[in-house]
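Welcome! Take a moment to look over the sequence and the 3D view, and then let us walk through them together.

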Amino acid sequence: AIITEVLLLANGFTTGSVLAPKLTKLYQLAAIQLSQQLHYDFGLRAIKAVIALAGDYLRNDRCAEDSSKQQVEMEALLLSLQNCNQPRLITEDAQVMKILLHDMFSINQDNLNQHTKVLEHYLEEAIKSEHLQVCKFQLEKCLQLYSTTLVRHGVMALGPTGGGKSTAFHLL
C-alpha cells in the first residue's frame, strides 16, 4: 500500500493515503475472487498502469468539474480501473469486478461512462457509413479496444471467426 500511495502522490493525487489501501485491497480481492486466466495481471505492474492512466485523466480534466477534489480523484481512478481492466475480463469476471469496484469505492459507475458518449456517437456514424447494423455489443467492444489502446503499446484481439475483431479495428 505504501508503494501505491507514493505512485498516487507522484501522479498528482492529494488523497493517496485514502485511495492506496482501497486500490491495493481491490487487486488482492480480484486475484482471489476472479477466475484464473493467463492474461490477468493484478500485480504492481497493473497497479502502476492504472495509476498512470488515472494521473493522465486528472491532468486532462476528464472528470466532472463540479465535484470535490476527492470525488474527482476517485472518479479518475475508477475510470482508469474500468478502462484498464474491463476489456480483458471474461464475461463472468466482469460482473464480479463491477461488484468489487462498487463495494470498494461506493460510487455510481454509470456516471463514469459519460465521457464515452461522444466517441459512441461517432462510432455509430462509422458503423452506419459502412452499411452495418448498430449493435450494442460491437459498440462496447470498440470502446474497450479504444480504452486498451490508451493504456497499452501493443494490442492483440483474440476470439472466434466472425466475432467482430477486424471490424472493431477498422471502425476505430
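## A walk from helix H3 outwards

Let us begin with helix H3, whose buried residues pack against helix H1 (2–10), helix H2 (16–33), helix H4 (69–85) and helix H7 (136–151). Please keep in mind that this is a predicted model.

Which residues of H3 are the buried ones? They are Ala46, Ile47, Ala49, Val50, Ile51, Leu53, Ala54, Gly55, Tyr57 and Leu58. The length of the helix can be checked with a little arithmetic. Helix H3 covers residues 44–59, which makes 16 residues, and at 1.5 Å a residue it should span 22 Å. Its end C-alpha atoms are 22 Å apart, so the expected span and the model agree. If you follow the chain just past H3, you come to Asp61, which takes a positive phi of about 55°.

Now for the charged side chains. How many salt bridges does a search of the whole structure find? The search finds three, and we can visit them in turn.

One joins Asp41 and Arg45, with the closest N and O atoms 3.3 Å apart. Arg45 has a relative accessible area of 66%, and because anything over 50% is called exposed, Arg45 is exposed.

Another salt bridge brings together the side chains of Arg59 and Asp56, at 2.7 Å from N to O. These two residues belong to helix H3, and because they are three residues apart there, about one helical turn separates Arg59 from Asp56. Asp56 is partly exposed, with a relative accessible area of 34%.

The salt bridge between Lys69 and Glu73 takes us to helix H4, where both residues lie, four residues apart, or about one turn of the helix. Their side chains meet at 3.8 Å, N to O. Is each partner buried or partly exposed? Lys69 is partly exposed, at 47% relative accessibility, whereas Glu73 is buried, with a relative accessible area of 0%.

Next, look at helix H2, where you will find Thr24. Thr24 has 16% relative accessibility, and because buried means under 20%, Thr24 counts as buried. Leaving aside residues up to four places away in sequence, Thr24 touches Ala1 and Thr4.

What about the cysteines? A disulfide is a covalent bond between the sulfur atoms of two cysteines. A search of the whole structure finds zero disulfides. Cys135 is in no disulfide, and the nearest cysteine sulfur, which belongs to Cys142, is 9.9 Å away. A disulfide needs two cysteine sulfur atoms within 2.5 Å, so the 9.9 Å separating the sulfurs of Cys135 and Cys142 does not meet that cut-off. Cys135 counts as partly exposed, at 37% relative accessibility. Another cysteine, Cys84, counts as buried, at 6% relative accessibility.

Let us finish on the surface. Which residues form a nonpolar patch there? Tyr146, Leu150 and Leu172 do, and together they have about 240 Å² of accessible area. Leu150 has its place in helix H7, which brings us back to one of the helices that the buried residues of H3 pack against. Leu150 itself is partly exposed, with a relative accessible area of 35%.

Note on methods
Residues numbered from 1 in each chain as written. Predicted model: local features only at pLDDT ≥ 70, side-chain atom pairs only at ≥ 80, totals over all residues. Heavy atoms only, no water. Expected span 1.5 Å × (residues − 1). Buried < 20%, exposed > 50% of the residue type's maximum accessible area, 1.4 Å probe, protein only. Contact = heavy atoms within 4.5 Å. Patch = residues over 30% accessible without salt bridge, like charges linked within 9 Å, V, L, I, M, F, W, Y side chains within 5 Å. Areas by Shrake-Rupley, 256 points an atom, 1.4 Å probe, with all protein chains shown as cover. Salt bridge = Lys/Arg side-chain N within 4 Å of Asp/Glu carboxyl O.
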